[in-house]
Amino acid sequence: MTYMRNMSGNQQQMKPTKQYCKQLMNYHVMGTMEDGSSFDGIVMDANDNEVTMLMGEDVMVDENGNEENESRQWGYGGYGGYGRRRARRFRRRVLPLAGLTSLLLYPYIAPYPYYPYYPYY
């Protein structure tokens, strides 16, 4: 983790290396490519040339779990209802390490610190 602390000020200017990708393994990260596209995913493996990630994609399914086409109307009669649900699927993608511009940890907001349970007498 000292590598990440040393790089914290210049993290967006430096290209990710194999060592940095190995340190972020099994973490949810955000990244950008040289063509300007951005993505988020979980780093699964890194070698000298490539980074393997699990990237999420949204899929709309009906109540039976079958994937629906986008040409159908939403719900019953177009009113919403119980017709469609949103599901998230993860697919394994291999990205070239040379094509990555930045790789940053995905920010999660810390939950509100709740007080401990107070027993009633």
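Which side chains meet in a salt bridge with 3.9 Å from N to O, one of them being D40? The partner of D40 is R88. The two residues sit in distant parts of the chain. D40 belongs to strand β2, residues 38-46, and R88 to strand β4, residues 84-96. In sequence they are 48 residues apart. The model described here is a predicted one.

**Overall layout**

The protein has two helices and five strands. Read from the N terminus, the order is α-α-β-β-β-β-β. The protein counts 121 residues, and 26% of them are buried. About 9,300 Å² is exposed. Carbon and sulfur atoms supply 52% of that area. Contacts across the sequence matter for the picture that follows. Among contacts with a separation of 6 or more, 56% are between residues 24 or more positions apart.

**Salt bridges**

Side chains of opposite charge can pair when their charged atoms come close. A search of the whole structure gives eight salt bridges. Three of them are set out here, with the N to O distance for each.

| Acidic residue | Basic residue | Distance, N to O |
|---|---|---|
| D40 | R88 | 3.9 Å |
| E57 | R89 | 3.9 Å |
| E57 | R91 | 2.8 Å |

E57 appears with two partners. Its bridge with R89 has 3.9 Å between N and O. E57 lies in strand β3 and R89 in strand β4, so this bridge ties together parts of the chain that are 32 residues apart. In the bridge between E57 and R91, the closest N and O atoms are 2.8 Å apart. That pair also links β3 with β4, across 34 residues of sequence. Shared partners join E57, R89, R91 and R93 into one network of salt bridges.

How accessible are these side chains? D40 has a relative accessible area of 23% and is partly exposed. R88 is partly exposed too, at 41%. E57 stands at 24%, which makes it partly exposed. R89 counts as partly exposed at 30%. R91, at 37%, is likewise partly exposed.

**L54 and its neighbours**

Which strand holds L54? It is β3, residues 50-62. The C-alpha atoms of L54 and R91 are 5.3 Å apart, while the two residues are 37 positions apart in sequence. Leaving out residues up to four places away in sequence, L54 touches F90, R91 and R92, and also G41, I42 and M44. R91 is thus a contact of L54 as well as a salt-bridge partner of E57.

**The nonpolar core**

In soluble globular proteins, nonpolar side chains tend to be buried together. The largest nonpolar core here has 15 residues. Which of them touch the most other members? They are F39, V51, M53, L95, L100 and L103. Several elements contribute to this core. Helix α2 (18-23) and strands β1 (28-33), β2, β3 and β5 (100-105) each supply at least two residues.

F39 shows how these parts meet. Not counting residues up to four places away in sequence, F39 touches V29, M30, G31, T32 and M33. Its contacts also include M53, M55, L95, L100 and L103. Among these, M53, L95, L100 and L103 are named with F39 as core residues that touch the most other members.

Methods. Residues numbered from 1 in each chain as written. Predicted model: local features only at pLDDT ≥ 70, side-chain atom pairs only at ≥ 80, totals over all residues. Heavy atoms only, no water. Helix = DSSP H or I, 4+ residues; strand = E, 2+ residues; numbered from the N terminus. Buried < 20%, exposed > 50% of the residue type's maximum accessible area, 1.4 Å probe, protein only. Contact = heavy atoms within 4.5 Å. Areas by Shrake-Rupley, 256 points an atom, 1.4 Å probe, with all protein chains shown as cover. Salt bridge = Lys/Arg side-chain N within 4 Å of Asp/Glu carboxyl O. Core = buried A, V, L, I, M, F, W, Y, C linked by side-chain atoms within 4.5 Å.
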